[in-house]
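User: Could you take a close look at one helix for me and then set it against the chain as a whole? I'd like a single connected account.

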Amino acid sequence: MPPDTIVLLGVNHKTTPLAVREKLALSGGYEDPLAALGSLSGLKEYYLLSTCNRVEVLFTCEDPDRSVQEVLDLLFGQAVPPAELDRYVYRYLNQEAIRHLFMVASSLDSMIVGEAQILGQLKEAFRYASELQTAGTILNKLLHKSFSVAKRVRTETRIGAAAVSISYAAVELGRKIFGQLRDKRVMLVGAGEMAELAAEHLVGQGIKDVVVCNRTLERAVNLARRFGGRAVSLDELIEELLNVDIIISSTGAPGIILTRDDVKPVMRERRNQPLFFIDIAVPRDLDPKINDLENVYLYDIDDLNNVVEMNKAERDREAVKAERIVEEETLKFSQWLENMEVTPTIVELRRMAEAICRAELEKTLPRLKNLSSKEQKSVEKMASAIVSKMLHHPMQYLKTDHHCSQRQERINTVRTLFRLDNGNDSEGS
């Protein structure tokens, strides 16, 4: 019997515009679409993944042409005309499907290569498939393997080590200055989007306190409430420098709002405890000369951009190593699948040989009446060893690739030679 085909259909941020992805997204969760896939008779196992950047369905089937069309009609046909589906939906079979899944799990197919979020989304999607029992032997093994491939990529490369966003680069710089950010205090000056994002990352690192300093107090109060912090007016900015360690500034002011002369006396009062300024505003909020003060560290948007660009270049280099790992693991899994295909023949071959061995022992041992129990066991052991050695080369022939014959041809050859499809008439001959 020919093996089932592994099929992966999907759309992502590389192939499909957002307007189309929105139509194809599984906004209602996984239960209903998984149940709907279960109504397709050709599908053996199936699994769905839906994120803001991709929708993918992975399944096994006997007739890929028919099943692909049925799945497309079921999941996407109501939302997008067939001509557009052909343009946007990618289709991978067998080894290509395996490789693509491993690339996704390892975040090598993500908008930001190296981001870890996709692995959690993939595990969450698998949890639904597992609970609803839509994944069987093949997909269970394949999806668990994708998790271990992602882990191996994280362990053996530095693909996720370097920040590639302005907001997270600010956090990394903070870590370099303070060692760790737990118990540090942050002040947001202004309420720009990037400053908010940086504050979110810092809160995620366990900072102690957030102060929001803004010209409009209402806005400051609302933002402070979001981070569980407190609000102050812009007139209190210099005084608050005594109470914080990290300042992220992103006002819309037309010029400098904090000078070196403002900060210098504060540092004396702080007894030179470090102050870390991040100036994300354009034009800049902070006097560049602040950076001349001892134990004061000032980074502006260009500094952060440089960090991001360097980190992106490093990730690109690490991605080459990661893709090599994905390729290795794809080949290993493909080999496992191939062995799955020959397993039934190997089991039948061994069962037939052992039956012949047992039959011959049952005929012979009663005639050897002078043998002790120990000697009988030795004869049985010898017969079993002869069977194993006789089967060794046929087994290797089945398992090992040959340039001159396909796997199915090898299976057919062995089955014909040992008459595996003609019942057990050979056992007693």
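Analyst: Here's a walk along helix H14, followed by the chain around it.

A quick note on the ground rules: this is a predicted model, where local features need pLDDT of at least 70 and side-chain atom pairs count only at pLDDT 80 or more, while totals for chains, interfaces and linings use all residues. Numbering runs from 1 along each chain as its sequence is written, and side-chain values use heavy atoms, with hydrogens and water left out.

H14 covers residues 373–399, 27 residues in total. Helices here are DSSP runs of H or I with at least four residues, strands are E runs of at least two, and both are numbered from the N terminus. From first C-alpha to last, H14 reaches 38 Å, close to the expected 39 Å (1.5 Å times one less than the number of residues). Still, there's a bend of about 35° at His 392, with Pro 394 following within four residues; that angle is between axes fitted to the seven residues ending there and the seven starting there.

Pro 394 is also one of the buried residues of H14, alongside Ala 383, Val 387, Leu 391, Met 395 and Leu 398 (buried means under 20% relative accessible area, with a 1.4 Å probe and protein chains only). Their cover includes helix H13 (301–364) and helix H15 (407–417).

Zooming out, the chain has 15 helices and ten strands. Its radius of gyration is 32 Å, well over the 22 Å from the globule rule for 429 residues, so the chain is more spread out than a compact globule. That radius is taken over C-alpha atoms, and the rule is 2.2 Å times the number of residues to the power 0.38. Along the principal axes, the C-alpha atoms fill a box of roughly 110 × 60 × 40 Å. Across the 429 residues, 45% count as buried.

Terms used:
Buried < 20%, exposed > 50% of the residue type's maximum accessible area, 1.4 Å probe, protein only. Contact = heavy atoms within 4.5 Å.
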